Amino acid sequence: MGSTRRKRWEAFLAATCFSSDQFPPSRGPEIAFAGRSNVGKSTFINGLIRTPLAHVSSTPGKTRSINFYRVDHGEGFCLVDLPGFGFANRARSERDAWAKLIEKYITRRESLALLVHLVDFRHGLLENDRKLQEWAIEQSVPVQVVFTKIDKIPRGRWPSFLRSYSVPQVSTVTDPFLVSMEKGWGAGDFILFLETYLKRVWAERR
Ligand SMILES: Nc1nc2c(ncn2[C@@H]2O[C@H](COP(=O)(O)OP(=O)(O)OP(=O)(O)O)[C@@H](O)[C@H]2O)c(=O)[nH]1
Ligand SMILES: [Mg+2]
C-alpha cells in the first residue's frame, strides 16, 4: 500500500447544506463519501486533502450537514462529506430528515460522479448499506467500496474478512480498498485510483 505521493490537494469548504435547496451550483464532478455514522468518512476526507477541514469525533453523528470541499487540482472537483446513517441515538424525525437529505443528494445531483461507500471492516455491509447501494444502482451512480479501520483487525485475518464480504450484490467500480487512517494505510492507492477516475470523468464532460 503506497503512502508517498505528490503535492497536496488544495481544498476549501465551499458549502454546508442542511437542505437540498442549499446545494451550491455544480462546478465540476463530485466525489461523495457515504456510510454509517462513525465509519470514518470525515477522517478519510481529511487524509485525502491532508488538512483537518472536516470535523471528526469519536461520538457517532458528528457530521449533520452535507459539506462540499472544493479541490483545485486538474480541472477541479468536489469532495462531498455526507452525514452518517444508522445512528440510533437520535430522534427518529432527525434520522429521517438525514436519510431524506442523503437520498436527495444521491438521487438528484447530476454532478455526482462517484459515490464512495465507506464500510467498517469489522462489520461489513449492514441493512442500510444495502439501501444505499440500491439508491445508487437505481440512479446508475457508480459506487466504490472502501473498508475502513482495518487496523482493528489482525492482518492475517484480512483475507477471510474480505472473502466473507465479496458477495455478488456488492456494487463497486473496482475491488474494495482497505484503509486505515489511524495508520496511514491505503490512502495513497485510493488517491491514484481517484486521479485516474477523474481524468476519465473530465474527458467525458468536455
Ligand atoms: N482505529 C481507527 N479509527 C479511525 C479510523 N478512521 C477514523 N477513525 C476514528 O473513528 C471516529 C469517527 O471518525 P469520523 O471521521 O468522525 O467518522 P464519520 O464517518 O465522519 O462519522 P459521522 O460524521 O458521525 O457520520 C473518530 O474517533 C476517528 O478518529 C481508522 O482508520 N482507524
Ligand atoms: Mg463525519
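**Exercise 1. Charge**

How many positive and negative side chains does the protein have, and how far apart do the centres of the two sets lie?

*Solution.* Keep in mind that you are working with a predicted model. Start with the counts: there are 31 positive side chains and 21 negative ones. Then take the centre of each set; the two centres lie 4 Å apart.

**Exercise 2. Fold and overall form**

Work out the order of helices and strands, then judge how compact the protein is.

*Solution.* Begin with the inventory, which is 5 helices and 7 strands. Reading along the sequence gives the pattern β-β-α-β-β-α-β-α-β-α-β-α. Next, compare the radius of gyration with the globule rule: the value is 16 Å, close to the 17 Å that the rule gives for 206 residues, so the protein is as compact as a globular protein of that length. For the extents, the C-alpha trace spans about 45 × 45 × 30 Å along its principal axes.

**Exercise 3. Inside and outside**

Describe the burial, the contacts and the surface of the protein.

*Solution.* First, burial: 47% of the 206 residues are buried. Second, contacts: among those with a separation of 6 or more, 75% are between residues 24 or more positions apart. Third, the surface: the accessible area is about 10400 Å², and carbon and sulfur atoms account for 49% of that.

**Exercise 4. The magnesium site**

Find the residues that coordinate the magnesium ion (ligand 2), and place them in the chain.

*Solution.* Look for the donor atoms: they are OG of S42 and OG1 of T63, at 2.1 to 2.2 Å. Now locate the two residues. S42 sits in helix 1 (residues 41–49), while T63 belongs to the loop between helix 1 and strand 3 (66–72). With these positions 21 residues apart, the pair links distant parts of the chain. Are S42 and T63 buried or exposed? Both are buried.

**Exercise 5. Two positive phi angles**

Examine the backbone at N38 and R50, and note the setting of each residue.

*Solution.* Start from the usual expectation: most residues other than glycine have a negative phi. N38 departs from this with a positive phi of about 80°, although it is not a glycine. N38 lies in the loop between strand 2 (30–35) and helix 1. Its relative accessible area is 29%; since buried means under 20% and exposed over 50%, N38 is partly exposed.

Turn to R50, whose phi is also positive, near 55°. R50 is in the loop between helix 1 and strand 3. At 45% relative accessibility, R50 is likewise partly exposed.

Notes
Residues numbered from 1 in each chain as written. Chains lettered and ligands numbered in written order. Predicted model: local features only at pLDDT ≥ 70, side-chain atom pairs only at ≥ 80, totals over all residues. Heavy atoms only, no water. Helix = DSSP H or I, 4+ residues; strand = E, 2+ residues; numbered from the N terminus. Rg over C-alpha atoms; globule rule 2.2 N^0.38 Å. Buried < 20%, exposed > 50% of the residue type's maximum accessible area, 1.4 Å probe, protein only. Contact = heavy atoms within 4.5 Å. Areas by Shrake-Rupley, 256 points an atom, 1.4 Å probe, with all protein chains shown as cover. Lys, Arg positive; Asp, Glu negative; His and termini not counted. Charge placed at Lys NZ, Arg CZ, Asp CG, Glu CD. Donors = N, O, S within 2.8 Å, 3.2 Å for Na, K, Ca; no water.
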